[in-house]
Amino acid sequence: MAAQPSPVRRAWRDGIGVAVATSAYGISFGALAASAGLDVWQACVLSLVMFTGGSQFAFVGVIAGGGVAGAAIASAALLGVRNVAYGLRMSPVIGPGALRRAAAAPLTIDESTAVSLAQTDAAARRTGFWVTGVGIYLGWNLSTLAGALLGDVLGDVRAYGLDAAAAAAFLALLWPRLQRRQAMAVGAAAAVVAGLLTPVMMPGLPVLVAALVAVAVGWSNRWERRTPDGVSVEVAP
């Protein structure tokens, strides 16, 4: 029987896998930014400074639709609010130190948070966060540059499946954790909520609303079951 990889090694593997998948989608942003009328350097600055995919696509979407800069900034900021919640959750993982926290701030995104929290111990969580965050930052900016340079040569990037790459990586990361009733119920409920809201809300917002499902369950953090004699007892999730 093959030896199981150590938690830290598994964190490296998960982080690199998610970073590669997510970075590939940066080509789409670069191409869309170019088609919306942004210069190559403007698209690259957005990825370097803003560095949050949902906010960047919202910004470019408003610009492409003829919206003003103020509306574009407001839309991007609204979607970026979720990173504040991620920062609160990741604070104990990052640890103390002003320089460390300053370096971690721009890397606290959906993917780095997900990979980190999927690990089983403190060292692996830190490794997962930094490997994923740094990997995506480098890869996303390089692929943004490539997409902006290629522009319309690529055509519709969805034809290459790049829009599904990040989602597939998340699903692969999430699947092994769906071993308990609570995790399966939260995942199913959040998916239903996001699916129902996607046609009627702007991109990115359905995910925020669906996240409230997990927040509600995490707040109570209790499940009830009944024993054979009918007595209700609480069990840890």
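Start with the whole chain coloured by secondary structure: read along the sequence, it runs α-α-α-α-α-α-α-α-α-α-α-α-β-β. That gives twelve helices and two strands. Keep in mind that this is a predicted model. Switch to colouring by accessibility and you'll see that buried residues make up 34% of the 237 residues in the chain. If you pull up a contact map, take contacts with a separation of 6 or more: 67% of them join residues 24 or more positions apart.

**Stop 1: helix 1 against helix 9**

Select residues 7–24, which are helix 1, and add residues 122–150 for helix 9. How do the two axes sit? They come within 8 Å and cross at roughly 20°. Helix 1 is therefore roughly parallel to helix 9. The crossing of this pair is right-handed.

Now show side chains at the contact. On the helix 1 side, pick Pro 7, Val 8, Ala 11, Trp 12, Gly 15, Ile 16, Val 18, Ala 19, Thr 22 and Ser 23. On the helix 9 side, pick Ala 123, Ala 124, Thr 127, Gly 128, Val 131, Thr 132, Gly 135, Ile 136, Gly 139, Trp 140 and Ser 143. Colour the contact of helix 1 with helix 9 by residue type and you get twelve nonpolar, nine polar and no charged residues.

**Stop 2: Val 18 and Thr 132**

Zoom in on Val 18, in helix 1. Is Val 18 buried or exposed? With a relative accessible area of 5%, Val 18 is buried. Draw a C-alpha to C-alpha distance from Val 18 to Val 131 and you should read 9.7 Å, for two residues 113 apart in sequence.

Next, select Thr 132, which lies in helix 9. Its relative accessible area is 0%, so Thr 132 counts as buried. What does Thr 132 touch, leaving aside residues up to four places away in sequence? The list is Gly 15, Val 18, Ala 19, Glu 111, Ser 112 and Val 115.

**Stop 3: the salt bridge**

Stay in helix 1, residues 7–24, and show Arg 13 and Asp 14 as sticks. Side chains of opposite charge can pair when their charged atoms come close. Here Arg 13 forms a salt bridge with Asp 14, and the closest N and O atoms are 3.6 Å apart. The structure holds one salt bridge, so there's no second one to hunt for. Asp 14 is buried, at a relative accessible area of 18%, because the cut-off for buried is under 20%.

**Stop 4: helix 2 against helix 9**

Hide helix 1 and select residues 26–35, helix 2, keeping helix 9 on screen. The axes of helix 2 and helix 9 come within 6 Å and cross at roughly 40°. That angle is why helix 2 and helix 9 are oblique to each other; the roughly parallel class takes angles under 35 degrees. The crossing of helix 2 and helix 9 is right-handed.

For the contact itself, show Gly 26, Ile 27, Phe 29, Gly 30, Ala 31 and Ala 34 in helix 2. They meet Trp 140, Ser 143, Thr 144, Gly 147 and Ala 148 in helix 9. The contact of helix 2 with helix 9 divides into six nonpolar, five polar and no charged residues. Trp 140 and Ser 143 are also in the contact of helix 9 with helix 1.

**Last stop: Met 50**

Finish at Met 50, in helix 3, residues 40–50. Met 50 counts as partly exposed, at 26% relative accessibility. Add Pro 106: the C-alpha atoms of Met 50 and Pro 106 are separated by 8.3 Å, with their positions 56 residues apart along the chain.

Terms used
Residues numbered from 1 in each chain as written. Predicted model: local features only at pLDDT ≥ 70, side-chain atom pairs only at ≥ 80, totals over all residues. Heavy atoms only, no water. Axes fitted to C-alpha atoms, helices over the stretch in contact; angles between N-to-C directions. Helix = DSSP H or I, 4+ residues; strand = E, 2+ residues; numbered from the N terminus. Parallel < 35°, antiparallel > 145°, perpendicular 65-115°, else oblique. Left-handed = near helix turned anticlockwise from the far one by under 90°. Contact = heavy atoms within 4.5 Å. Nonpolar A, V, L, I, M, F, W, Y, C, P; charged D, E, K, R; others polar. Salt bridge = Lys/Arg side-chain N within 4 Å of Asp/Glu carboxyl O. Buried < 20%, exposed > 50% of the residue type's maximum accessible area, 1.4 Å probe, protein only.
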